[in-house]
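Visitor: I have a structure open and would like to learn how to read it. Where do we begin?

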Amino acid sequence: MWFVEQNNRIMGLQKYESTIQHISAPQQTVYDKLADLRHLEELRRRLSDPAAAEQLKAGLPPDIKPEQIDRFCAYAEGMELGADYLTLNSPVGRVTLRLTEQEPPKCLKYTGEGGPLPLTLWIQLLPTAEGCKMRVTLGAEVSVFMKALVAKPLQKAADGLAEMLARLPYAAL
């Protein structure tokens, strides 16, 4: 019993918030597309086309490297999409993000399944005059010992996911 009590004290939810991203699509449109992940099927299909991937690489901003697009395209090929889940092959195995809570049109909560850490993903949306703004928060249940090891990669993941979601062509999905 002592071990369980000690273990509960050293485990805790750590949250990593992205920078705020601005999206030029209305809040409701972005929410609708992210609440039903089957909308991403067209994007996944396009990314599996080598010609489309090359076209995407040609128009990259300087902060995104072509290798990142190649990695993303590889993930997209093995991706499985459902109305409320996304499953992909990752370096740690097959991981699923499942939609577990919704607060239309402001917040979506996804819970990770199959990963090495209990993971939660929140996508928050607020309306603006030009469209909406978005923040991604990753929450991971980690021990004090693991916190230092996972902090930087999870912060980078939150920022990268927010940037990628902000660049999606919501009108075309």
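Guide: With handedness. A crossing of two helices is right-handed if the near helix is turned clockwise from the far one by less than a right angle, and left-handed if anticlockwise. Keep in mind that this is a predicted model.

Visitor: What is the handedness of the crossing of α4 and α5?

Guide: α4 and α5 cross in a right-handed way.

Visitor: What else describes a pair of packed helices?

Guide: Two values do: the angle between the axes and the distance between the axes. Here α4 covers residues 50-58 and α5 covers residues 66-77. They pack at about 150°, and their axes are 10 Å apart. Angles over 145 degrees count as roughly antiparallel. Therefore α4 is roughly antiparallel to α5.

Visitor: Which residues of α4 and α5 make the contact?

Guide: From α4, Ala53, Leu56 and Lys57 take part. From α5, the residues are Pro66, Ile69, Asp70 and Cys73.

Visitor: Is there a general reason for spacings like these?

Guide: An α-helix has 3.6 residues a turn, so residues three or four places apart point the same way.

Visitor: Now α6. How do I check the span of this helix?

Guide: Count 1.5 Å a residue. Helix α6 runs over residues 144-166, which is 23 residues, so the expected span is 33 Å. The C-alpha atoms at its ends are 32 Å apart, and that agrees.

Visitor: Where in α6 is there a kink?

Guide: At Val150, with a bend of about 50°. The proline Pro153 follows shortly after.

Visitor: Which residues of α6 are buried?

Guide: Val150, the kink residue, is one of them. The others are Leu154, Ala158, Asp159, Ala162, Leu165 and Ala166. Their cover includes the strands β1, β2, β7 and β8, and also helix α2.

Visitor: And in α2, which residues are buried?

Guide: Gln27, Val30, Tyr31, Lys33, Leu34 and Ala35 are. The buried residues of α2 pack against β2, β5, β6, β7, β8 and α6.

Visitor: Let us try single residues. Is Leu119 buried or partly exposed?

Guide: Use the cut-off: buried means under 20% relative accessible area. Leu119 has 23%, so it counts as partly exposed. Leu119 sits in strand β7. Among the residues it touches are Tyr110, Leu138 and Leu154. Leu154 belongs to the buried set of α6.

Visitor: And is Thr120 buried or exposed?

Guide: Thr120 has 13% relative accessibility, so it counts as buried. Thr120 is also in β7. Leaving out residues up to four places away in sequence, Thr120 touches Lys109, Tyr110, Thr137, Leu138 and Gly139.

Visitor: How do I compare separation in sequence with separation in space?

Guide: Set both values side by side. Thr120 and Leu99 are 21 residues apart along the chain, and their C-alpha atoms are separated by 9.9 Å. Asp84 and Glu67 are 17 residues apart along the chain, yet 29 Å separates their C-alpha atoms.

Visitor: Where is Asp84 found?

Guide: In the loop between β3 and β4. Asp84 is partly exposed, because its relative accessible area is 33%. Asp84 touches Leu37, Leu97, Arg98 and Leu99, not counting residues up to four places away in sequence.

Visitor: Last, the backbone. Which peptide bond is cis?

Guide: The bond from Pro104 to Pro105 is cis, and its omega is near -15°. Pro105 lies in the loop between β5 and β6.

Conventions: Residues are numbered from 1 along each chain as its sequence is written. This is a predicted model: local features need pLDDT of at least 70, side-chain atom pairs count only at pLDDT 80 or more; totals for chains, interfaces and linings use all residues. Side-chain values use heavy atoms; hydrogens and water are left out. Helices (H or I, at least four residues) and strands (E, at least two) are DSSP runs, numbered from the N terminus. The expected span of a helix is 1.5 Å times one less than its number of residues. The bend at a residue is the angle between axes fitted to the seven residues ending there and the seven starting there. Buried means under 20% relative accessible area, exposed over 50%, partly exposed in between (1.4 Å probe, protein chains only). Contact means heavy atoms within 4.5 Å. Axes are lines fitted to C-alpha atoms, for helices over the stretch in contact, and angles run from 0 to 180 degrees between N-to-C directions. Angles under 35 degrees count as roughly parallel, over 145 as roughly antiparallel, 65 to 115 as roughly perpendicular and the rest as oblique.
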